[in-house]
Amino acid sequence: AESMDTSFDGLSRGLLYAVLFVYLLMVVNFQSWLDPFVILMALPGALAGIIWLLFLTGTTLSVPALIGSIMCVGVATANSILVVSFANEQRVHRDALGSALAAGMTRIRPVLMTALAMIIGMVPMALGLGDGGEQNAPLGRAVIGGLLLATAATLFFVATFFSLLRRRRLA
């Protein structure tokens, strides 16, 4: 039990540090404190999806589920970066709402393709078939649940937050 507690603590801290490190890295990349914040708006959806699917399948929170959570955070962040980067490019020609709508419509295919590739790739693992398959099933279930909601959050909430927080037009 002590070893499990140590593992959970380490992975939970690792997940928080990963989010913080990714945020700070994006601050440097985007040269803005606001855009990385908008990008990370997909993460509450990812975490809700992880918890939701683990609950629905009766899967306990475990080390593989936490590793899957870290994987899901990475993919959800990458998809949000696609939307926000495109929306920022569009701000020269449009207002924030028009930019967010254009980003959502233009980037829907790459976001869906990335998420679906990961989800479909994790289905065999999530089913837990074969010898020892149930050991890594929580990883696949966490990724699938997280990406289902994170994809919707990326396309709707991230674009909405972008349009609300970036109201002025660039000159």
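A residue is called buried here when its relative accessible area is under 20%, exposed when that area is over 50%, and partly exposed in between. By this criterion, 44% of the 171 residues of the chain are buried. The model is a predicted one.

The fold is made of helices: the chain holds seven of them and zero strands. Followed along the sequence, the pattern reads α-α-α-α-α-α-α. The chain has a radius of gyration of 17 Å, close to the 16 Å given by the globule rule for 171 residues, so it is as compact as a globular protein of that length. Along the principal axes, the C-alpha atoms fill a box of roughly 60 × 30 × 20 Å. Counting contacts between residues at least 6 apart in sequence, 77% join residues that are at least 24 apart.

The surface can be described by its area and its charges. About 9,400 Å² of the chain is exposed, and carbon and sulfur atoms supply 69% of that area. There are 10 positive and 8 negative side chains, with 21 Å between the centres of the two sets.

Next comes the interior. In soluble globular proteins, nonpolar side chains tend to be buried together. In this chain, the largest nonpolar core comprises 42 residues, and Val84, Ile144, Leu147, Val158 and Phe162 have the most contacts inside it. At least two residues of this core come from each of helix H1 (2-30), helix H2 (34-39), H3, H4, helix H5 (96-106), helix H6 (108-127) and helix H7 (133-165). The biggest contribution is that of H7, which gives eleven residues. For Ile144, the contacts beyond its neighbours within four places in sequence are Leu53, Ile119, Met122, Val123 and Ala126.

Leu148 also lies in helix H7. Its relative accessible area is 43%, so Leu148 counts as partly exposed. Leaving out residues up to four places away in sequence, Leu148 touches Trp52 and Ile119. Ile119 is thus a contact of Leu148 and a contact of Ile144. Leu148 can also be placed relative to Leu112, which is 36 residues away along the chain: the C-alpha atoms of the two are separated by 9.9 Å.

Helix H3 includes Ile51. This residue is exposed because its relative accessible area, 58%, is over the 50% limit. Ile51 and Ser69 are separated by 18 residues in sequence, and the distance between their C-alpha atoms is 9.6 Å.

Two loop residues complete the description. Ser62 sits in the loop that runs between helix H3 (43-56) and helix H4 (63-90). Although it is a loop residue, Ser62 counts as buried, because its relative accessibility of 15% is under the 20% limit. Apart from neighbours within four places in sequence, Ser62 is in contact with Phe8 and Pro138.

Gln31 belongs to the loop between H1 and H2. Its relative accessible area is 73%, so Gln31 counts as exposed. The backbone at this position also deserves a look. Most residues other than glycine have a negative phi. Gln31, a residue other than glycine, has a positive phi, near 55°. The two loop positions therefore fall into opposite classes, with Ser62 buried and Gln31 exposed.

Methods: Residues numbered from 1 in each chain as written. Predicted model: local features only at pLDDT ≥ 70, side-chain atom pairs only at ≥ 80, totals over all residues. Heavy atoms only, no water. Helix = DSSP H or I, 4+ residues; strand = E, 2+ residues; numbered from the N terminus. Rg over C-alpha atoms; globule rule 2.2 N^0.38 Å. Buried < 20%, exposed > 50% of the residue type's maximum accessible area, 1.4 Å probe, protein only. Contact = heavy atoms within 4.5 Å. Areas by Shrake-Rupley, 256 points an atom, 1.4 Å probe, with all protein chains shown as cover. Lys, Arg positive; Asp, Glu negative; His and termini not counted. Charge placed at Lys NZ, Arg CZ, Asp CG, Glu CD. Core = buried A, V, L, I, M, F, W, Y, C linked by side-chain atoms within 4.5 Å.
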